[in-house]
Structure formats: structure tokens, C-alpha cells
Amino acid sequence: MSIAPRAVLITGANRGLGLEFVRQIVRFSTPPKYLFATCRNPESATSLQEMAKEHSCIKVMKFDVTDHREIQAVCDRTRHLLAEDGLNLIVNNAGITYKKQYLGNLTHSQILEQFDVNVFSPLLITQTFMPLLKLAAQKSPEESMSWRKAAVVNISSILGSIEKNENGGLYPYRASKAALNMVTKTQSIDLRTDGILTVAVHPGWVQTDMGGQSAPVTPTESLKGMLSLFSKLTEDSSGKFFDFNGEILPW
Ligand SMILES: NC(=O)c1ccc[n+]([C@@H]2O[C@H](COP(=O)([O-])OP(=O)(O)OC[C@H]3O[C@@H](n4cnc5c(N)ncnc54)[C@H](OP(=O)(O)O)[C@@H]3O)[C@@H](O)[C@H]2O)c1
């Protein structure tokens with residue numbers, strides 16, 4: 001891969017898909033100038049910290065996405081570093097699920113927690129960073145929409161697809177990702193005139209702590225597919241739901 005967006009922010013960068021995203025994007029022939037790799041506990045994010053020692057573009061930042069007061073603080077810190085140039089790409093990757101979520105054992109707190117991390121936080125993060133995304137779109141030499149100009153990628157899940165729901169269960173996770181899909185579509189309409197592209201992406205069923213070891217896709221394969229997809233996104237892609245291999249998924 002060749003040229004990455006100039007300034008990128010990712011949530012949940014300490015393990016799983018977020019960590020693999022950082023690993024692969026710094027290997028671009030032109031990596032980002034700023035890669036804000038955010039996570040809840042930077043002090044225990046050993047692999048991420050090791051990468052940051054080797055790649056000066058990686059700025060590890062403490063960010064619990066459910067701490068809604070922290071969003072503005074993180075935004076202020078990135079704005080300070082970015083100066084006049086804005087933020088080109090946000091990857092709302094942090095997400096949670098619980099293994100057993102069937103009718104009979106659901107609790108209010110687990111439902112709220114999953115909605116908080118999986119949908120309320122990505123929505124509020126994008127809202128808070130909107131001025132920096134707009135700035136990036138204005139400053140970009142690229143005329144058409146692209147991930148290098150200004151984009152929001154919401155990491156969703158096929159489990160949030162209403163049409164593809166054949167197995168039931170997992171209520172809070174499915175419902176929160178379906179809501180994230182609606183947020184994505186709505187933002188794509190609201191941000192289009194500012195030149196900001198917005199997509200939802202299913203990363204595949206991947207071998208991470210969330211996906212488990214029997215998942216068919218490795219983090220390397222998932223990110224290879226997603227980064228290839230991101231680099232091909234155009235104005236027509238905005239407001240769509242993609243599989244990691246680039247196929248369009250039904251809502
Ligand atoms: N793996 C799959 O098969 C699969 C399939 C479809 C969709 N997805 C989606 O892909 C994304 C990444 O999943 P993954 O497989 O990499 O999961 P994972 O290995 O469980 O990693 C989840 C990441 O989210 C972070 N996170 C959770 N709550 C957070 C919070 N409040 N603030 C900040 N970070 C928080 C975790 O940080 P801590 O280490 O601090 O907990 C961790 O970095 C999620 O949105 C998930 O729903 C995954």
C-alpha cells in the first residue's frame with residue numbers, strides 16, 4: 001500500500017483489530033504523519049508502546065470512549081498537535097460484546113454498556129471531532145471524497161444487519177451495531193456537503209479476544225482487506241455498509 005491519510009485517530013488500539021490497524025498502517029510507504037492510537041490503559045498497552053518506540057508518528061493517548069468528558073480533552077490534544085491541518089480519518093473501532101445474551105438473561109446495565117461503547121460513543125466522538133474533519137476536508141488537495149481527504153469509518157458487524165439476522169440472540173450487541181449503522185447512514189447525509197465520507201464496515205469474523213480462536217479470519221487478513229477497501233472509497237461509497245473484502249452488505 002502506498003499513501004496513508006495524513007492524520008488518523010483510532011479507538012481501542014491496544015489489542016485486536018485496533019492494534020493490527022496500527023501495525024499495518026505504519027508500514028505504508030507514506031505512513032500517517034500523526035496516528036493517534038487511543039486506548040483505555042496506555043500503561044499496559046505493551047505491544048502498542050513498542051510500536052510507538054519504532055514509529056514516531058504513533059501518539060498513544062489515554063481514551064475511555066465512554067468517558068464523554070474525555071472526548072473533548074482528547075480532541076483538544078490532537079488539535080494542538082495538528083495545528084492548522086485537521087484530522088483526515090477517524091476509525092471508531094472500540095467495541096464490546098458479551099457471550100451470553102439471550103431472552104431470559106438480559107440486564108439493563110449490560111444493554112446500556114454495549115450501547116454506550118458501540119453506538120453512543122462513536123456518535124459523540126464524530127460530533128466532537130467534526131470541526132477537525134471539516135478542516136481536513138478543506139485543506140486537502142484532493143477534490144473528491146476519499147479516506148485521505150476526510151472520513152469516518154465505523155467498525156460495525158454483520159450481526160447488526162437486520163436482513164442477515166438468521167440466528168437470533170445477542171440482542172444488545174446486534175441492536176447496538178444496527179443503531180451504529182443508522183448513525184453511519186445519517187452522518188453520511190449530514191457530512192456529505194462538507195466532503196466527509198462515512199461508512200460502516202464489518203471486519204469479518206476475526207481471531208481476536210472478541211471473535212475467539214475458531215474464527216476463520218486472522219487480524220492480518222481482516223486489516224489487509226479493510227485497508228484495501230478504505231483506499232478505494234469514493235463519494236459513491238459514503239453511507240454504505242461494507243464487508244472487509246469490499247462487498248456491500250444489506251442493512
Ligand atoms: N472480532 C470479530 O470477529 C468482530 C466481528 C465483527 C465486528 N467486530 C468489531 O470490531 C471491533 C474491534 O473488535 P476486536 O475483535 O478487536 O475486539 P477485542 O479484541 O475484544 O478488542 C476490543 C477493543 O475495544 C476496546 N474497548 C472496549 N471498551 C472500550 C472503552 N470503553 N474505551 C476504549 N476502548 C474500549 C478494548 O480495550 P480494552 O483492552 O481496554 O478492553 C479493545 O482495544 C469492535 O467494534 C467489534 O464489535 C469484531
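Visitor: Why is cysteine 75 called buried in this model?
Guide: Its relative accessibility is 0%, and buried means under 20%, so cysteine 75 counts as buried. Do keep in mind that this is a predicted model.

Visitor: Why is cysteine 75 not in a bond with the closest cysteine sulfur?
Guide: The closest cysteine sulfur, in cysteine 39, is 18 Å from the sulfur of cysteine 75. A disulfide needs the two sulfur atoms within 2.5 Å, so this pair is too far for a bond.

Visitor: What makes cysteine 39 count as buried?
Guide: The value for cysteine 39 is 1% relative accessibility. Set that against the cut-off of under 20%, and cysteine 39 therefore counts as buried.

Visitor: How many disulfides does the structure hold?
Guide: The number is 0. Cysteine 39, for example, is in no disulfide, and its nearest cysteine sulfur, that of cysteine 57, is 15 Å away.

Visitor: On to empty space, then. How many cavities of 30 Å³ or more are there?
Guide: The count comes to 1. The largest cavity has a volume of about 40 Å³.

Visitor: Which elements give two or more residues to the lining of the largest cavity?
Guide: They are helix H1 (16-25) and helix H6 (219-232). H6 gives the most, with 3 residues.

Visitor: What makes up the lining of the largest cavity, by residue and by kind?
Guide: Ile10, Leu17, Phe21, Val91, Asn93, Ile155, Leu223, Met226 and Phe230 line the largest cavity. They divide into 8 nonpolar, 1 polar and no charged.

Notes: Residues numbered from 1 in each chain as written. Predicted model: local features only at pLDDT ≥ 70, side-chain atom pairs only at ≥ 80, totals over all residues. Heavy atoms only, no water. Buried < 20%, exposed > 50% of the residue type's maximum accessible area, 1.4 Å probe, protein only. 1 Å grid on protein atoms, 1.4 Å probe; cavity = no way out; pocket = protein on both sides within 12 Å on 5 of 7 lines; lining within 4 Å. Points joined across faces, edges and corners; volume = space filled by probe spheres on them. Helix = DSSP H or I, 4+ residues; strand = E, 2+ residues; numbered from the N terminus. Nonpolar A, V, L, I, M, F, W, Y, C, P; charged D, E, K, R; others polar.
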